[in-house]
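Got your viewer open? Keep the selection box handy, and we'll go stop by stop.

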Amino acid sequence: MRHHWHLLFCPAIVIGCVLCLGGCGGCQGPEESSETLVVFHAGSLSIPFRELSQLFEQQHPGVKVLAEAAGSRDTARKVSDLGRLCDVLGSADYRVVDNLLMPEHVLFNIRFALNEMAIAYTKRSNLADQINQDNWADLLLRPDVFFGRADPDSDPCGYRTLMVFQLAEKHLKAPSLAYKLQAKHKRRYIRPKATELLALLESSEIDYLFIYRSVAKQHGLELLTLPDEVNLKVPSQAELYRQAVVNVSGKQPGQKITRTGEPIVYSVTIPTGATNRQLAVAYVQLLLSPQGRAVMTHNGQQSLVPALADGFEHLPNPLKSYCIPASSP
């Protein structure tokens, strides 16, 4: 008889579970009843936005930030082409938002941080003890050296890399350098976003990687800085940067738009379809605040103070004190 006692308890257990579910409305945990803020952002913003999101969650108990990284152009297309909803969108190039999202999907665009292009590598990289600002192009063209870069149609770091090639050709007075660098490896070491190549660098499948200086710093990589005439960093070199031109995909299939070189400027916006607008404004406000700027500085990026806003008249009031109207070049 003792072998069948469990059968006697089953109805009681079932009744107890039903009473529990009925008494607590399904016994939902705190996570299921919390508010959610959805953030789409450039891959190069992954670490600073993760730190910012942790700070935001501490300041807003019960709020969960769901962040999703991709190349900035792919990030914009999630909204424009796929109809996906997000509350905050951070881009590594303010022009991506201007070209692909305004005014159909966003009404304002806040330029908030700067960066520069550089070459990342490790101590195990081939010729790591020899590479410098004068010989990097020659070394990267050697058959025993491999380098990676982002896809220009997906990630601003990709078309900025091609701009670096063009500017280096002029700076180093090396005819056909841009073509040779672009043609090497074909598409073997090209990925939708530059941060996807970090694993290949760490595993020594590639020796060098064209990426933002901030990302190299965040991951503790060796870094070759490039001259100001090449690195897309310095506003005083804007006229020179404009000599670099790259065609990338446009809003419509088969359409091309021209990207012209200029200093690297990041932006943030709140799409018109944001489902949690009040929290989105609070998140951007934190990003633009002294606390947010400290997070960016810690991660190797200089903040624009004040930030520059396209569509200033459409800014939510809490953000206006951090911005001034932008005048596009």
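Start by selecting histidine 185, in the loop between H7 and strand E7 (190-191); helices (H or I, at least four residues) and strands (E, at least two) are DSSP runs, numbered from the N terminus. This is a predicted model, where local features need pLDDT of at least 70, side-chain atom pairs count only at pLDDT 80 or more, and totals for chains, interfaces and linings use all residues. Residues are numbered from 1 along each chain as its sequence is written, and side-chain values use heavy atoms, with hydrogens and water left out.

Look at the backbone of histidine 185: phi is near 70 degrees, a positive value in a residue other than glycine. Is histidine 185 buried or exposed? Histidine 185 counts as buried because its relative accessibility is 18%; buried means under 20% relative accessible area, exposed over 50%, and partly exposed in between (1.4 Å probe, protein chains only).

Now hop to lysine 173, in the loop between helix H6 (156-171) and helix H7 (177-183). Lysine 173 is not a glycine either, yet has a positive phi of about 55 degrees. At 71% relative accessibility, lysine 173 counts as exposed.

Two peptide bonds come next. Select methionine 102 and proline 103, which are joined by a cis peptide bond with omega about -5 degrees. Proline 103 is in the loop between helix H4 (94-100) and strand E4 (109-114). Then go to valine 305 and proline 306: the bond from one to the other is cis, with omega near -5 degrees. Proline 306 belongs to strand E13 (residues 303-310). As background for these stops, most residues other than glycine have a negative phi, and most peptide bonds are trans.

Next, pick threonine 269 in strand E12 (residues 265-269). Threonine 269 counts as buried, since its relative accessibility is 1%. Which residues does threonine 269 contact, leaving aside neighbours within four places in sequence? Show Asp87, Val88, Leu89, Val97, Val106, Phe108 and Asn109; contact means heavy atoms within 4.5 Å. Put a distance label between the C-alpha atoms of threonine 269 and valine 88: they are 5.9 Å apart, with the two positions 181 residues apart along the chain. Add another label from the side chain of threonine 269 to the backbone oxygen of phenylalanine 108, which it reaches at 2.5 Å.

For another side chain reaching a backbone oxygen, try serine 289, in the loop between H11 and helix H12 (290-298). Its partner is the backbone oxygen of leucine 286, at 2.7 Å. Serine 289 is buried, with a relative accessible area of 8%.

Time for the core. The largest nonpolar core has 97 residues, and Ile110, Phe112, Trp136 and Tyr208 touch the most other members. Helix H11 (residues 277-288) gives the most to this core, with nine residues. A nonpolar core here is a set of buried Ala, Val, Leu, Ile, Met, Phe, Trp, Tyr and Cys residues joined through side-chain atoms within 4.5 Å. Zoom in on isoleucine 110 and show what it touches, not counting residues up to four places away in sequence: among them are Tyr266, Val268, Val284, Leu288, Leu308 and Cys323.

Now switch to the empty space. How many cavities of 30 Å³ or more are there? The count comes to three. On a 1 Å grid over the protein atoms alone, a cavity is a set of points where a 1.4 Å probe fits but cannot get out, while a pocket is an open set with protein on both sides within 12 Å along at least five of seven lines; lining residues have an atom within 4 Å of a point. Grid points are joined across faces, edges and corners, and a volume is the space filled by probe spheres set on the points.

- **Largest cavity.** It holds about 50 Å³ of space. Select its lining: Ala42, Gly43, Ser44, Ala92, Asp155, Cys157, Lys193, Ala194, Thr195, Ile211 and Tyr212.
- **Second largest cavity.** About 40 Å³ of space is here, lined by Asp93, Tyr159, Arg160, Met163, Leu232, Arg259, Thr260, Gly261 and Glu262. H6 gives the most to this lining, with three residues.
- **Second largest pocket.** This one has about 160 Å³ of space. Its lining is Leu114, Asn115, Glu116, Arg213, Lys233, Val234, Pro235, Gly300, Gln301 and Gln302.

Conventions:
A polar contact is a pair of N or O atoms within 3.5 Å; within protein, one must be able to donate a hydrogen and the other to accept it, and residues adjacent in sequence count only if both atoms are side-chain atoms.
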